[in-house]
Amino acid sequence: MRTLKSSFKIKGVGLMSGVEFEVEIKPSDSKGIYFTKGSKKIKAELKNVVSADHCVVIANVADGADFKAALIEHFMAACAVAGLDGVEMAFPDIPVDMVETPILDGSSKVWVEKFNETGFSGEPDETPKLKASVNFQKGRSAVILMPSEDETKITYAVNFNHPELNNRWIEMNQNVNLNEVVEARTFGYLKDLETFQKMGLSKGVTIENTVGMTEDGGFTTDLRSKYEPNKHKILDIIGDLYLTGINPLKMNANIIVKEAGHALHIEAAKLLNNCF
């Protein structure tokens, strides 16, 4: 098992709630990625996912789901990139039912940097390799995983009403642009922001943590790399697939995704149980 050498604290707002949370990231004595608040604990795994509409929300389902943690996907992706398979995110014991992982810069970049600064203890457990294929389709969307002889490759297609992101396919392999995936920020249509905020969502959105797609075909901020929003979708599926407990970057898979989102990622992940 690979965990951290020591703990660190970090503070940031929740993208959905706009509430500021200070969390402590701790080494773990047991395998798994855990979210805790006081005596309450949630293991990041598929059976604890209670929502995947706008972000991934997990809960302590076996204990009555009276504690929820939202928007965990960027932290999960950072753990996969760093090879962490044992770590805890501890929230202060505050009187709220749902906490939210700090959005920071909207990507996994800060998490990976903090992990590297803190250092690691131990080595990751050996990752099972994918032996059978999964093909999950719903309407125009699809998530396909096929065994690969060597490294994991992820190809993701988006089709947004934006000239740079219309029928756009991006491929990631671990030797080419993983760093660009790690630093890719969350995104959305600028025209939808006011509507979402009236619904009580996206209250923590800023120009620093979110790439806005404008109606004139531009962006609200300079991109960190070309097609950054598409690369963020790759980041999301890395985090979502890690809810299987198996690091997707090490499972030797060809992963092909077309016009999907968290809900489809999660449904496809549930089909992987007997594929290793």
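The second largest pocket of this predicted model has a volume of about 270 Å³. Sixteen residues line this pocket, and those closest to its centre are Met16, Ser17, Ala70, Met98 and Glu100. Strand β10 (residues 98-100) supplies the largest share of the lining, three residues. By class, the lining divides into 11 nonpolar, three polar and two charged residues.

The largest pocket has a volume of about 930 Å³. Its lining counts 40 residues, of which His54, Thr186, Phe187, Gly188 and Phe196 are the closest to the centre. Several elements give two or more residues each to this lining. The helices among them are α1 (73-82), α4 (193-198), α5 (228-241) and α6 (262-270). The strands are β14 (153-158), β16 (186-189) and β17 (210-213). The lining of the largest pocket has 21 nonpolar, 13 polar and six charged residues.

Enclosed space was also searched for. Rolling a probe the size of a water molecule over the atoms shows where empty space is left. Across the whole structure, the search finds one cavity of 30 Å³ or more. The volume of this cavity is about 30 Å³. Leu71, His74, Phe75, Thr101, Pro102, Ile103, Ser107 and Trp111 form its lining. Five of these residues are nonpolar and three are polar. No charged residue lines the cavity.

Phe75, one of the cavity-lining residues, also takes part in an aromatic pair. A pair of aromatic rings is described by the distance of the centres and the angle of the planes. The count for the model comes to seven aromatic pairs. In one of them, Phe75 and Phe115 meet edge-to-face. Their centres are 5.8 Å apart, with 75 degrees between the planes. The pair links distant parts of the chain. Phe75 belongs to helix α1 and Phe115 to helix α2 (residues 109-118), 40 residues apart.

Attention then turns to a sheet. Strands of a sheet pair through backbone hydrogen bonds, either parallel or antiparallel. Five strands form an open sheet in the order β12-β13-β18-β14-β15, with mixed pairing. The edges are held by β12 (134-138) and β15 (168-173). Each has a single partner strand, so one side of each is left without a neighbour in the sheet. From one strand to the next, the twist averages 10 degrees.

At one edge, β12 runs antiparallel to β13, and five bridges join the two strands. Val134 has Leu145 of β13 as its bridge partner. The hairpin of β12 and β13 has two residues between the strands. In this hairpin, Gly139 takes a positive phi near 60 degrees. Further into the sheet order, β13 pairs with β18 over six bridges, again in the antiparallel sense. Here Ile144 stands opposite Ile256 in β18.

At the other edge, six bridges join β14 to β15, and the two strands run antiparallel. Val158 has Arg168 in β15 as its bridge partner. Helix α5 lies across β13 (141-147), β14, β15 and β18 (253-258). The helix runs at about 125 degrees to β14. Both α5 and β14 also give residues to the lining of the largest pocket.

How values were computed:
Residues are numbered from 1 along each chain as its sequence is written. This is a predicted model: local features need pLDDT of at least 70, side-chain atom pairs count only at pLDDT 80 or more; totals for chains, interfaces and linings use all residues. Side-chain values use heavy atoms; hydrogens and water are left out. On a 1 Å grid over the protein atoms alone, a cavity is a set of points where a 1.4 Å probe fits but cannot get out, and a pocket is an open set with protein on both sides within 12 Å along at least five of seven lines; lining residues have an atom within 4 Å of a point. Grid points are joined across faces, edges and corners, and a volume is the space filled by probe spheres set on the points. Ala, Val, Leu, Ile, Met, Phe, Trp, Tyr, Cys and Pro count as nonpolar, Asp, Glu, Lys and Arg as charged, and the others, Gly among them, as polar. Helices (H or I, at least four residues) and strands (E, at least two) are DSSP runs, numbered from the N terminus. Two strands pair if DSSP finds at least two bridges between them. Axes are lines fitted to C-alpha atoms, for helices over the stretch in contact, and angles run from 0 to 180 degrees between N-to-C directions. Contact means heavy atoms within 4.5 Å. Rings of Phe, Tyr and Trp (its six-membered ring) pair if their centres lie within 6.5 Å; planes under 30 degrees apart count as stacked, over 60 as edge-to-face and the rest as tilted.
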